[in-house]
Amino acid sequence: MRAQTVDVRQSSGRILCSTVFRSGGRKLFAKGHILSEEDARLLENEGLGEVWVTELEEGEVSEDDAVSRVASEMGCGCLEIRLAAGGRANLFATERCCLLVDDEMLRQINCTSSMVIATNLNFSCATAGQRVATVKSAPFAIASGQLETVIGMLRERGPILQARPMRSPAIAVLYTDLVHGDRARQLFESVMRQRLERFGAVVQFALSVLEEETAVARSLQHLMRANPSGILVASTTAPAGPDDAVGRGMTQIGCHIEKFLAPVEPGNLMLMAYKDDIPIISAPGCFRSAKPNVIDLILPPMLSRYRISGWEIACLGHGGLLG
């Protein structure tokens, strides 16, 4: 890249090295703008005789082309790319979705000298029209070899950002109590509804049951028939893990216990299992209050029908202190 000052009549096709303002202080052209013949005439009419520009040299790619190519490779799902001035591409969600971010790959790309990417948090919920990521290039141009390195990394590993739609998400709820299930329902139902509404979800089916192994197992099987995005077990008691009544009920119907204990506070005593592809979450105490807890971190991927692994639950510890 070679920067120089040229006569405005010779500036067509070149890249501005600095922002150009009108005499009254209003911006005329932004830094990085590629000047056209019409732009050159406008600059001359504004009284400018010379302008500071740069030209691409062999083996270089303009900043706009670079970010456009990276943006098209880095994401998938319900995303829209919009170019912005100054070598930037923004990615916007086109509908309500859950964002999945490959943070390791993101760090690798951000360690290069040519490109940086910022995204929203992994497992976060985004609404239609929300900006969820931005790509910024080094000023004016980058070496084509550096760009191809970034593109190659993305093609080898896959997208950094997935936007998984949350279409008509529905949750089933099982209220359990040692004395009577209706007691748990009376305590938790209002907060449960408020929490789900924040993510555009509804309670599709709900049952109340005595917190006893066989009753829990029978109720879970009944709720499974609705094929919900997930089942939340709202218990009034703290679990002892897979060996409590809820955990034994899960095991009785053939669930795979994925994870007990989450590095999230509130919500340490979370038990997550799967029956086929449907997650079942027991998180006692988390339904008493609308304040953020582990359920709020898990709901977006659950509602997008993404299978959360025990490893991903373990990774929630960084930032897991919520209150």
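Biologist: Is Arg-248 buried, partly exposed or exposed?

Modeller: Arg-248 is partly exposed, with a relative accessible area of 35%, and I should say at the outset that this is a predicted model.

Biologist: Okay, and which residue does Arg-248 form a salt bridge with?

Modeller: The partner of Arg-248 is Glu-213, and the closest N and O atoms of the two are 2.9 Å apart. Glu-213 is likewise listed as partly exposed, at 24% relative accessibility.

Biologist: Which helices do Arg-248 and Glu-213 lie in?

Modeller: Arg-248 belongs to helix H7 (residues 245–252) and Glu-213 to helix H6 (residues 213–224), so the salt bridge ties together parts that are 35 residues apart in sequence.

Biologist: Why would side chains like that pair up at all?

Modeller: Side chains of opposite charge can pair when their charged atoms come close.

Biologist: How many salt bridges does the structure hold?

Modeller: There are 14 salt bridges in the structure. One of them joins Arg-198 to Asp-296, with the closest N and O atoms 2.6 Å apart. That pair links distant parts of the chain, since Arg-198 sits in the loop between helix H5 (181–197) and strand E17 (202–210), while Asp-296 sits in helix H8 (residues 294–303), 98 residues apart.

Biologist: And how about Asp-296, buried or exposed?

Modeller: Asp-296 is buried, with a relative accessible area of 10%, whereas Arg-198 counts as partly exposed at 40% relative accessibility. The two also belong to a network of salt bridges in which Arg-195, Arg-198 and Asp-296 are linked.

Biologist: What does Asp-7 form a salt bridge with?

Modeller: Asp-7 pairs with Arg-9, and their closest N and O atoms are 3.1 Å apart. Asp-7 is partly exposed, with a relative accessible area of 23%, while Arg-9 counts as exposed at 61% relative accessibility.

Biologist: Changing topic, where does Pro-242 lie?

Modeller: Pro-242 is in the loop between strand E18 (230–235) and H7, and at 29% relative accessibility Pro-242 counts as partly exposed.

Biologist: Which residues does Pro-242 touch, leaving out those up to four places away in sequence?

Modeller: Pro-242 touches Gly-247, Arg-248, Ile-257, Phe-260 and Leu-271 when residues up to four places away in sequence are not counted, so Arg-248, which pairs with Glu-213, turns up again here. As for Phe-260, Pro-242 is 18 residues from that residue in sequence and 7.4 Å from it in space, C-alpha to C-alpha.

Biologist: Speaking of prolines, what about the peptide bond from Glu-265 to Pro-266, cis or trans?

Modeller: The bond from Glu-265 to Pro-266 is cis, with omega near 5 degrees. Pro-266 has its place in the loop between strand E19 (256–260) and strand E20 (271–275).

Biologist: What about the backbone at Ser-168, is phi positive or negative?

Modeller: Ser-168 has a positive phi of about 50 degrees, although Ser-168 is not a glycine. Ser-168 is found in the loop between strand E15 (161–165) and strand E16 (170–177) and is exposed, with a relative accessible area of 72%. Arg-305 also has a positive phi, of about 60 degrees, and is not a glycine either. Arg-305 lies in the loop between H8 and helix H9 (310–314), where at 44% relative accessibility Arg-305 counts as partly exposed.

Biologist: Now pockets: what volume does the largest pocket have?

Modeller: The largest pocket has a volume of about 960 Å³. It is lined by 29 residues, of which Val-101, Asp-103, Leu-121, Asn-122 and Phe-123 are the closest to its centre. The elements giving two or more residues to that lining are strand E10 (97–101), helix H3 (103–110), H8 and H9.

Biologist: How many of the lining residues are nonpolar, polar or charged?

Modeller: By class, the lining of the largest pocket has 16 nonpolar, 8 polar and 5 charged residues.

Biologist: Last thing, how many disulfides does the structure hold?

Modeller: The structure holds 0 disulfides.

Biologist: Why does Cys-125 have no bond to Cys-97?

Modeller: The sulfur of Cys-125 has its closest cysteine sulfur in Cys-97, and at 7.0 Å that is too far for a bond. Cys-286 is in no disulfide either, as the nearest cysteine sulfur, that of Cys-98, is 18 Å away. In terms of accessibility, Cys-125 counts as partly exposed at 22%, and Cys-286 counts as buried at 5%.

Note on methods:
Residues numbered from 1 in each chain as written. Predicted model: local features only at pLDDT ≥ 70, side-chain atom pairs only at ≥ 80, totals over all residues. Heavy atoms only, no water. Salt bridge = Lys/Arg side-chain N within 4 Å of Asp/Glu carboxyl O. Buried < 20%, exposed > 50% of the residue type's maximum accessible area, 1.4 Å probe, protein only. Helix = DSSP H or I, 4+ residues; strand = E, 2+ residues; numbered from the N terminus. Contact = heavy atoms within 4.5 Å. 1 Å grid on protein atoms, 1.4 Å probe; cavity = no way out; pocket = protein on both sides within 12 Å on 5 of 7 lines; lining within 4 Å. Points joined across faces, edges and corners; volume = space filled by probe spheres on them. Nonpolar A, V, L, I, M, F, W, Y, C, P; charged D, E, K, R; others polar. Disulfide = S-S within 2.5 Å.
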